[in-house]
2 protein chains.
Amino acid sequence: MRAIYFDNGLTYRTDFPEPKLVEGDALIRVSYAGVCATDIEITKGYMGFTGIPGHEFSGLVERCPSDSGLEGKRVVGEINVGCNTCALCKAGLENHCKERTVLGILGLNGSFAERLVLPVGNLHVIPDTLSDIDAVFTEPLGAAFEVLEQVDVGPNTNVAVLGDGRLGLLIAQVLANTGCQVKLFGRYGEKLAMAEDLSISTSMKAEGFEGSFDIVVDATGSGGGLSSALELVKPRGTVVLKSTVANRSTVDLNRAVIDEVTIVGSRCGPFAPAIEALDNCTVIVEPLIEKIYPLESCVQALEHAGRKGALKVLIEVG
Amino acid sequence: MRAIYFDNGLTYRTDFPEPKLVEGDALIRVSYAGVCATDIEITKGYMGFTGIPGHEFSGLVERCPSDSGLEGKRVVGEINVGCNTCALCKAGLENHCKERTVLGILGLNGSFAERLVLPVGNLHVIPDTLSDIDAVFTEPLGAAFEVLEQVDVGPNTNVAVLGDGRLGLLIAQVLANTGCQVKLFGRYGEKLAMAEDLSISTSMKAEGFEGSFDIVVDATGSGGGLSSALELVKPRGTVVLKSTVANRSTVDLNRAVIDEVTIVGSRCGPFAPAIEALDNCTVIVEPLIEKIYPLESCVQALEHAGRKGALKVLIEVG
């Protein structure tokens, strides 16, 4: 099959072996894949991954256990595959299983390919009214919804979202939909204008907002994001840390102690509310699409997605 | 009056001016003061403090507003003095007031002196059955109780306390008294034996405990404590960060993101449960006292308290 393979460098392959299924697996033909910051980090050596990258996708189930009823269905898929036997998996925390594989990130070939394999239990059928392109946003939007699983927000909660990138624009929308007070901090006038169009208040400057927010979400994807977040959060407030970065600049965590700030690490999130929000258009993703590349141009697609200020780059596979 | 003064170096003064009172203040004759790691950090330049250090004390109220009824009472005192007008103070968070002074730490002369001044509202009368010496532990024990204000512990909660120093030994006792499962990690056989005598399980080695604890409290006071805590905590677990350190070694916070760990900064805490625990001996402090120095030997006292493995050093003032 056609696939993008990473082993110290990215190569486009037309002869990659078809994936093998074990019991409980579904074979999925990929329609669209999305490029995430993590994919770009992987091409820089993050996680020491070798194989087919890519973890955001929409696709069609070609083969699956007959009792699953998923054959021919359009699906998206959760990316963590737990061992199903450890205490964490049994507690429903397979996302945190120590033996897990992760689609396109850890020990499992990903979505920059014609076909991929995931356990049936990881799949979510997408509604007929939701396009394959919009559905690719389910995984990152789930990560945005994870914030609501971890912190309480009410109508009087002041929330800052740092970073007007792909994830920041999703998180700001998810938070704004709860009715809380959201301000998106970013660097790009065009993207902030996009947020303003969605009735989200924005700012390019942090000055004057020090110690103002109950909750600050660091979605900068940059090493300095946490320090900025600690400056903006109120004493006893909460910083949600979304950024995994190769190099984080030195952070003064004494400030977190003295101000009794809570820092919450946040990663993958629930698919169900993400699919619903995409389907009923309470979260808008179309303005976030920067460009769609064919699979064979995947190397250019990743290069494009890695440019400063780039929005969502998609890969058309099917 | 007699006092220890810090300005780039510590000096014992016999002619220090008596403190001045403003409305609402009480004048307290110090009986005993305690030396805390923060005092030692201050003598290294932490907070850029100049003045009389010391924030742990017990003493006698010599002068106060007549309607306070505190004259002649034995007291301990909370160390943060808020502005009383800002939103944080009005919300009862004067500990976090941006304009606050802090006894012996920030803009307010402290307890290594014959007399100190604090607002009446900061004082807590100590029971007749509680000695002046034991009462000095109220402030650090309050900081230990702060952990219970910030995280939920139940009988099945597995908690690790890192650091068998003064604060670690207090926190381990406070947690053990809730009935949760506590393990104290430390470096000193003698101190761990002290904890074992109090029925607290201990270990000198972290190996084999990786990812085992629901909650890990870093009371090491050392730069590497947070990294160790992140190794010992379960995915989705909580690290309580008690250590303010001049130099924190590089911490891999990506791990906190991937494992969705919550890091809670923790500082000063409630005095009332601390006084009660000291008075009814549910927290034992006598074995923690390493040596008592007279005020004029305060320089030696701080040197002693700063030695590796030193327990509590007290200063007899009155």
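Cys83(B) is partly exposed, with a relative accessible area of 27%, while Cys89(B) is buried at 7%. Here buried means under 20% relative accessible area, exposed over 50%, and partly exposed in between, for a 1.4 Å probe and protein chains only. This is a predicted model, in which local features need pLDDT of at least 70 and side-chain atom pairs count only at pLDDT 80 or more, while totals for chains, interfaces and linings use all residues. Residues are numbered from 1 along each chain as its sequence is written, chains are lettered from A and ligands numbered from 1 in the order written, and side-chain values use heavy atoms, without hydrogens and water.

Both cysteines have Cys97(B) as the residue with the closest cysteine sulfur. The sulfur of Cys83(B) is 3.7 Å away from that atom, too far for a bond. For Cys89(B) the distance is 3.8 Å, again too far for a bond. A disulfide is a pair of cysteine sulfur atoms within 2.5 Å. Over all chains, the structure holds 0 disulfides.

Chain B has an open sheet of 3 strands in the order β6-β7-β8, with mixed pairing. Its edge strands, each pairing on one side only, are β6 (80–81) and β8 (107–108). Strands are DSSP runs of E of at least two residues and helices are runs of H or I of at least four, numbered from the N terminus; two strands pair if DSSP finds at least two bridges between them. Strand β7 (residues 101–103) runs antiparallel to β6(B), over 2 bridges. Within β7(B), Thr101(B) is the bridge partner of Val81(B).

Elsewhere in chain B, strand β11 (residues 158–162) pairs with β12(B) in the parallel sense over 5 bridges. Asn158(B) has Gln181(B) of β12(B) as its bridge partner. Strand β12 (residues 181–185) is mostly covered, with 4 of its 5 residues buried.

The model has 2 cavities of 30 Å³ or more. A cavity is a set of points, on a 1 Å grid over the protein atoms alone, where a 1.4 Å probe fits but cannot get out; lining residues have an atom within 4 Å of a point. Grid points are joined across faces, edges and corners, and a volume is the space filled by probe spheres set on the points. The largest cavity has a volume of about 50 Å³. Its lining includes Glu78(B), Ile79(B), Asn80(B), Glu139(B) and Cys268(B).

Chain B superposes on chain A by a rotation of 180 degrees with 0.0 Å of shift along its axis, at an RMSD of 0.0 Å. That is the relation of a two-fold axis. The same surface serves both copies, as 100% of the contact residues of chain B recur in chain A. Contact means heavy atoms within 4.5 Å, and the superposition is by least squares on the C-alpha atoms of residues with pLDDT of at least 70 in both copies. In chain B, Ile263(B) comes closest to the rotation axis, with its C-alpha at 2.5 Å.

Most residues other than glycine have a negative phi. Two residues of chain A with a positive value are listed below.

| Residue | Phi | Loop in chain A | Relative accessibility |
|---|---|---|---|
| Asn8(A) | near 70 degrees | between β1 (3–6) and β2 (10–13) | 74%, exposed |
| Met47(A) | near 70 degrees | between α1 (37–42) and β4 (56–63) | 37%, partly exposed |

Terms used: On a 1 Å grid over the protein atoms alone, a cavity is a set of points where a 1.4 Å probe fits but cannot get out, and a pocket is an open set with protein on both sides within 12 Å along at least five of seven lines; lining residues have an atom within 4 Å of a point.
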